[in-house]
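Here are my notes on this model, point by point. Keep the structure open beside you as you read.

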Amino acid sequence: MHIPPSSRLLQNTKPVALYSSQQVYAMEQEWFAQGYDSFALMQQAAWQMTQHIINIYYQKQSCIANGVACRHDDRQPRVSIWVGSGNNGGDGWLIAHYLQQAGWQVQVITVGIENIENSNAFADMDSAVVSDAIKAQRMAVAAYCSYQRFEDSEFVLHNQENRLMQADVYVDALFGIGLDRALTSIYKQAIQSFNQVVKSSHTLSKHALVIAVDIPSGLVASTGQVFEQVAIQADVTLCLIARKFGLHTKDGMDYAGEVLDIPLIPYTKIKPVALLLNRAHGLSVRRQNSYKGSYGHVLIIGGNRIDGSQGMGGAAILASASAMATGAGKMTVACHQAFHGALLTSLPDAMTIDLHDQKGVKHLIKEASVIAIGMGFGRDETAKVLFIDYMQAAMTEGKSIVIDADGLYHLASLQIDKHSVVGQLREYSTKHKVCLTPHSGEAARLLDKSVAEVEMDRLAAIKQCADIYGGSWVLKGAGSLILEQVLEPTLEQELEERHVYVCGVGNAGMATAGMGDVLSGVTAGLLAQQDLADDQRSLRQAVLIHGLAGDVLVHQQSCPSNKNVSLFIGERGLQAQDMPAAIRHVMHLITI
Ligand SMILES: NC(=O)C1=CN([C@@H]2O[C@H](COP(=O)(O)OP(=O)(O)OC[C@H]3O[C@@H](n4cnc5c(N)ncnc54)[C@H](OP(=O)(O)O)[C@@H]3O)[C@@H](O)[C@H]2O)[C@@H](O)CC1
Ligand SMILES: [K+]
């Protein structure tokens, strides 16, 4: 569910704490160590989820008469609950039991369960050897909830749909936080069949609702990974105990739908793996008695052309236009001479210099407050020599530095060469602002890993980048991750693990060429404005402003303060060149 940008901008919410599976297991263990019973917790979870399911269903029906829920027809709602063999499945069995008690028509589909224990239903209920999942199953079976093994279904036997499985509400209780690897064949088949049955129910009733218990099955809670794009496509995820990191990064947002929390356990001291951000810091108004020099000078070094190629002048244009859109006072672009005309046509406010004029560029590095280097910079040997020279000059002059794109390419090569500039940068970044902004491909190169390895655990990847190179990092992608360096940390700050932030704004329309150059520009533009407080010019602020600008372009119609501004474009066809206008608008909206 998309939240309109206006509410994202204006809501006064705290960042949401996000946890890994292991941490949620640890919370459960803490709770049980205090003497609380695990099956009671499962019953509590299932009971609350049942109430949510009933409410969501009737809300969706939008047919509440005099406070009493009713349906257009007399038939009770039908629910199809797909359960696996673990405790997520246990939740599913109990939901089946409670919904049946509420009068719903319940059908349980089991996957990976060999023998349904339908005899001596309550025989060993208190025995420690009986797992919670089996207890739950026995309760549901004893209450005559009807069930069917997926393995015996028409899907598996005859590769056909089974009409029995069609329902008004589908509950996914196949896997929860226990899923940690690629699905085995029967689960893969079950999840694909689940999505297929839902799709055909949509065409029949248009009301079918999919609710995932804890996390959509197929999605790994600790990483946001979905293997081979097979996962339950949920409308609503009822997230138990604590919000899972994987719901908000990588594949998570494509599968989870709306996420509702069911906390169950009141308090935990466990530090989250990340914090989800939806809201940018408000900006203070400018002093009237100020001039362009009050808001910094950005030097963009990029937009090169290797002989015979078309070149990458657009990267420098997009980055500089975006930096200016955040309110930077002055702009110089060091790009290939071939692009000076184009640059001045689109951005007459900028000054230009030839990227290869080493003496001139180094003089400008001295003048500038922020250097953003690498966007369309080129990867050849000449560019590498320039990169080293400009980096060293920027460090000698004590400037804030943003490194992106080809700059990151050179940094990775220099790490392989064991060049001293990498160590210098690491040391430099403990005292000066250095922001590095890779996507997964660039991060993979920096870490000498495959892209798949980075994608498998993005959280680990961003931490490794920061450990090796120092500085503040954003790992771009759906649910971009941000890890910021604390400058000159106290001993306490040094010992404390830094927070990773997840960007909770932005949209898939932003998956297009040049968007990274825009982010580098925003990052540099904010850094230049020393009238802003540290948080207001931080890397996470830049990522949020960038994402919010993308949202303004896509969801503009739902933003009240946009009434007189025509920025709406929509997701498909959104271009990086549309961003500067939206960035300006966001800067205005967040100024208090
Ligand atoms: N504890 C409590 O009291 C409460 C728990 N709660 C609920 O429990 C859920 C966690 O339950 P869970 O630990 O049993 O794991 P679950 O997600 O059901 O998976 C089952 C097993 O599948 C396996 N497996 C993994 N990957 C696989 C693969 N690719 N293909 C095939 N098999 C695979 C793996 O076992 P393995 O094979 O590794 O031994 C795993 O253990 C949690 O999300 C919440 O819903 C709530 O009720 C609150 C109270
Ligand atoms: K699930």
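1. The shell around ligand 1 is mixed in character. Its residues divide into 11 nonpolar, nine polar and six charged. In total, 26 residues surround the ligand. The closest are G86, N87, N88, G176 and G178. Two helices deserve a look here. Helix 3 (38-61) and helix 4 (87-101) each supply at least two residues of the shell. Please bear in mind throughout that this is a predicted model.

2. Now step back to the whole chain. The protein chain holds 21 helices and 20 strands. Its C-alpha trace spans about 85 × 50 × 45 Å along the principal axes. How does the radius of gyration of the protein chain agree with that of a compact globule? A compact globule of 592 residues would have a radius of gyration near 25 Å, and the protein chain has 27 Å, which agrees.

3. Burial and contacts come next. Of the 592 residues, 50% count as buried. Take the contacts between residues at least 6 apart in sequence. Among these, 74% join residues at least 24 apart.

4. One sheet has seven strands. This sheet is open, its order is 6-5-4-7-8-9-10, and the pairing is parallel. Which strands sit at the edges? They are strand 6 (146-149) and strand 10 (258-262), and each pairs on one side only. Neighbouring strands of the sheet are turned by 20° against each other on average, direction ignored.

5. Look closer at one pair in that sheet. Strand 4 (residues 78-83) and strand 5 (residues 105-110) run parallel, joined by six bridges. You can find R78 opposite Q105 of strand 5.

6. Stay in strand 5 for one residue. T110 belongs to this strand. Is T110 buried or exposed? T110 is buried, because 24 other C-beta atoms lie within 10 Å, and 20 or more is the cut-off for that label. Set aside the neighbours within four places in sequence. T110 then contacts V83, I116, Y147, R149 and F150. For a sense of scale, compare T110 with G441. They are 331 residues apart in sequence, and their C-alpha atoms are 40 Å apart in space.

7. Another sheet has 11 strands. It is open, with mixed pairing, in the order 1-11-20-19-18-17-16-15-12-13-14. Strand 1 (16-18) and strand 14 (351-354) stand at its edges with a single partner strand each, so one side of each is left without a neighbour in the sheet. From one strand to the next, the twist averages 20°.

8. Strand 12 (residues 297-301) merits its own point. Why is strand 12 described as largely enclosed by the rest of the structure? Because four of its five residues are buried. Strand 12 pairs with strand 13 (residues 330-335) in the parallel sense, over five bridges. Within this pair, L299 has T332 of strand 13 as its bridge partner.

9. A helix also belongs in this picture. Helix 9 (residues 313-326) lies across strand 12, strand 13 and strand 15. Helix 9 runs at about 170° to strand 13.

10. Finally, follow strand 15 to its parallel partner. Strand 15 (residues 370-373) is joined to strand 16 (residues 400-403) by four bridges, and the two run parallel. Here I371 stands opposite I401 of strand 16.

Technical notes
Residues are numbered from 1 along each chain as its sequence is written. Chains are lettered from A and ligands numbered from 1 in the order in which they are written. This is a predicted model: local features need pLDDT of at least 70, side-chain atom pairs count only at pLDDT 80 or more; totals for chains, interfaces and linings use all residues. A residue is near a molecule or strand if its C-beta atom, placed from the backbone, lies within 6 Å of it. Ala, Val, Leu, Ile, Met, Phe, Trp, Tyr, Cys and Pro count as nonpolar, Asp, Glu, Lys and Arg as charged, and the others, Gly among them, as polar. Two strands pair if DSSP finds at least two bridges between them. Axes are lines fitted to C-alpha atoms, for helices over the stretch in contact, and angles run from 0 to 180 degrees between N-to-C directions. The radius of gyration is taken over C-alpha atoms; the globule rule is 2.2 Å times the number of residues to the power 0.38. A residue is buried if 20 or more other C-beta atoms lie within 10 Å of its own, exposed if 12 or fewer, and partly exposed in between; C-beta atoms are placed from the backbone. Two residues are in contact if their C-beta atoms, placed from the backbone, lie within 7 Å.
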